[in-house]
Amino acid sequence: MVGAAQHRGDGMTGFRELRFLPLSLATWPLLEDLFGAERGADSGCWCMWWRVSRSQFTAMGKAARKAALHRLADSEQSPGILAIDDGQAVGWCAVAPRSAYPVLMRSRVAAPLPDRPVGANWFISCLYVRVGCRRRGLTARLIKAAVDHAIACGASCVEACPNEAAKSSAEGFVGTPATFAKLGFVEIARRSPTRPLMRWDDGNAGSPAHIQEHPA
């Protein structure tokens, strides 16, 4: 398991001391509290939307999706990163190798380019911030922590396919292009007017670990 990254709070964000930890059985209760034990975040997806076929997703229902994510929390490869402040999870970022997301591999807008080996190409598929903690820069911090985690696990690059036209948290679960761009992600393809495919790697202009915080 990757060790916890810590960022002391400040007056701008209002957080006391943020820690970022991979999801595991030990941190599962924090995620369950963040998502809501019965609600499962915005749509009851429990982060299974990109991991199973659409027909399987519908057939599973909320309880089965929750159980599937719980199994992933008990696996060798964590499915994402939690932001924890004062003993409570305040945010979540799903990040994993592209091979973990079969639906993304076939996606018209988010399918990988052939210039990178898929095995070392990781993808940020979901961002979720607790109500009351939004618009305080947490999304950017989660993305930075997710990139650090991916690189520590052997990723050569990290990609995302954010949404320029999101009008709600349910639509904006993939993040916004502006936030990713401020963290050094660059657009590498655009197969949809509002969904650029973006990438961070060591060759980009900046490193998420050293870029100034921006509200998002």
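Biologist: By class, what residues make up the lining of the largest cavity?
Modeller: The lining has 7 nonpolar, 1 polar and no charged residues. Ala, Val, Leu, Ile, Met, Phe, Trp, Tyr, Cys and Pro count as nonpolar, Asp, Glu, Lys and Arg as charged, and the others, Gly among them, as polar. The lining residues are C45, C47, W49, W50, Y101, S125, C126 and F173. Ser is on neither the nonpolar nor the charged list, so S125 is the polar one. The model is predicted: local features need pLDDT of at least 70 and side-chain atom pairs pLDDT 80 or more, while totals for chains, interfaces and linings use all residues. Residues are numbered from 1 along each chain as its sequence is written, and side-chain values use heavy atoms, with hydrogens and water left out.

Biologist: What makes a space a cavity, and how many are there of 30 Å³ or more?
Modeller: A cavity is a set of points, on a 1 Å grid over the protein atoms alone, where a 1.4 Å probe fits but cannot get out; lining residues have an atom within 4 Å of a point. Points are joined across faces, edges and corners, and the volume is the space filled by probe spheres set on them. The count is 2 cavities. The largest has a volume of about 50 Å³, and the second largest holds about 30 Å³.

Biologist: Which residues line the second largest cavity, and which strand gives the largest share?
Modeller: The lining consists of W50, L104, F123, I124, S125, C161, V174 and R195. Strand β5 (residues 121-129) supplies the largest share, 3 residues; strands are DSSP runs of E of at least two residues, helices runs of H or I of at least four, both numbered from the N terminus. By class the lining has 6 nonpolar, 1 polar and 1 charged residues.

Biologist: Why is D201 called buried or exposed?
Modeller: D201 has a relative accessible area of 11%. Buried means under 20%, exposed over 50%, and partly exposed in between (1.4 Å probe, protein chains only). D201 is therefore buried. D201 lies in strand β8 (residues 196-201), where 6 of 6 residues are buried.

Biologist: And S53, by that rule?
Modeller: At 26%, S53 falls between the two limits and is therefore partly exposed. S53 sits in the loop between α1 (28-35) and α2 (54-73).

Biologist: What makes the pair D201 and R116 a polar contact?
Modeller: A polar contact is a pair of N or O atoms within 3.5 Å; within protein, one must be able to donate a hydrogen and the other to accept it, and residues adjacent in sequence count only if both atoms are side-chain atoms. The side chains of D201 and R116 are paired at 2.5 Å, so the distance lies inside the limit. The side chains of S53 and S55 also make a polar contact, at 3.3 Å.

Biologist: How do you know which strands pair with β8?
Modeller: Pairing requires at least two DSSP bridges between two strands. Strand β6 (residues 157-160) is joined to β8 by 4 bridges, and strand β7 (residues 186-190) is joined to β8 by 4 bridges, so both pairs qualify. Both pairs run antiparallel. A160 stands opposite M198, and R190 stands opposite P196.

Biologist: Which way do the residues of β8 point?
Modeller: P196, M198 and W200 point one way, and L197, R199 and D201 the other. In a regular strand the side chains alternate between the two faces of the sheet.

Terms used
On a 1 Å grid over the protein atoms alone, a cavity is a set of points where a 1.4 Å probe fits but cannot get out, and a pocket is an open set with protein on both sides within 12 Å along at least five of seven lines; lining residues have an atom within 4 Å of a point.
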